[in-house]
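Me: Please examine the protein shown below and answer a few questions on its fold and packing.

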Amino acid sequence: MTNKVKVKLVKGLIGTRESHRATVRGLGLRGINSVSELEDTPSVRGMINKVSYLVKVVS
């Protein structure tokens, strides 16, 4: 069984860097309050850390 992590977009993307917007899209998030369930891998954790000021990890 693989571990999953749920990520929620809690802030808007206006005024953020283009690379951060691309990272959020790569996480599968669209609008504010959208939630995505992803595999818990080091690459996903790195993406979450990069945009940690925009997202929240929910259980």
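**Surface, fold and core**

Reply: The accessible surface of the protein amounts to about 4,000 Å², and carbon and sulfur atoms hold 51% of it; areas follow the Shrake-Rupley method with a 1.4 Å probe, and for residues only the protein chains shown count as cover. The model is predicted: local features need pLDDT of at least 70, side-chain atom pairs count only at pLDDT 80 or more, and totals for chains, interfaces and linings use all residues. Residues are numbered from 1 along each chain as its sequence is written, and side-chain values use heavy atoms, without hydrogens and water.

Me: In what order do the elements of the protein run from the N terminus on?

Reply: Helices (H or I, at least four residues) and strands (E, at least two) are DSSP runs, numbered from the N terminus. The protein has 2 helices and 3 strands. Their order is β-α-β-α-β.

Me: Which element supplies the largest share of the largest nonpolar core?

Reply: Such a core joins buried (under 20% relative accessible area, 1.4 Å probe, protein chains only) Ala, Val, Leu, Ile, Met, Phe, Trp, Tyr and Cys residues through side-chain atoms within 4.5 Å. The largest one has 13 residues, with Leu 9, Val 24 and Ile 48 among those with the most contacts inside it. Strand E1 (4-9) and helix H2 (42-50) each supply at least two residues of this core. The largest share, 3 residues, comes from E1.

Me: Which residues does Val 24 contact, leaving aside its neighbours within four places in sequence?

Reply: Contact means heavy atoms within 4.5 Å. Val 24 is among the core residues with the most contacts inside the core. Its partners beyond those neighbours are Leu 9, Leu 13, Leu 29, Val 51 and Leu 54.

Note on methods. Buried < 20%, exposed > 50% of the residue type's maximum accessible area, 1.4 Å probe, protein only.
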